[in-house]
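Q: Please take a close look at how two packed helices meet in this model, and at the charged side chains found there.

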Amino acid sequence: MDSPQELASAMAADAVQIAQEYFDVTLDFQVESIEVVDTILGELHAELVKNPEMEDVDELACCFGAYMGECIRQAHPGASWPAAMPEEGLGYLMVSWLGWESPTFSWCHERITEGDDH
């Protein structure tokens, strides 16, 4: 099995590709690009509202959550993904830095499913 770092890197790369192909947006792993991801997640929420049977919500949340985590990790020396996958599963994977753990995966999932109200 891939390490959480390898998995997050691969999923973040998928987010970059999805953003380019479907939203015509270039993501560059700068912390400022998280605002762009928020806009994309808002568009995905609007699509989910129109089409409640939309597939791939979990996968999209994981990809964009990994992207956000990689932005944090690359911007903050010492930030890292855990050494092992959480027993609870991928949705509980969090990047850690400065004593904080950021639940980017679950945040993205809530942003897609609940919109701005989460």
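A: What follows describes one helix pair and then a salt bridge in one of its helices. This is a predicted model, in which local features need pLDDT of at least 70 and side-chain atom pairs count only at pLDDT 80 or more, while totals for chains, interfaces and linings use all residues. Residues are numbered from 1 along each chain as its sequence is written, and side-chain values use heavy atoms, with hydrogens and water left out.

Helix α1 (residues 4–23) packs against helix α3 (residues 57–75) at an angle of about 110°, their axes lying 7 Å apart; helices here are DSSP runs of H or I with at least four residues, numbered from the N terminus, and axes are lines fitted to C-alpha atoms over the stretch in contact, with angles running from 0 to 180 degrees between N-to-C directions. That makes α1 roughly perpendicular to α3, a label for angles of 65 to 115 degrees. Among the residues that meet, taking contact as heavy atoms within 4.5 Å, are M11, A15 and I18 in α1 and L60, F64, Y67, E70 and R73 in α3.

Within α3, the side chains of R73 and E70 meet in a salt bridge, 2.8 Å from N to O, the term requiring a side-chain nitrogen of Lys or Arg within 4 Å of a carboxyl oxygen of Asp or Glu. Because R73 and E70 are three residues apart in helix α3, about one helical turn separates them. E70 is buried at 2% relative accessibility, whereas R73 is partly exposed at 25% (buried means under 20% relative accessible area, exposed over 50%, partly exposed in between, with a 1.4 Å probe and protein chains only).

How values were computed. Helices (H or I, at least four residues) and strands (E, at least two) are DSSP runs, numbered from the N terminus. Angles under 35 degrees count as roughly parallel, over 145 as roughly antiparallel, 65 to 115 as roughly perpendicular and the rest as oblique.
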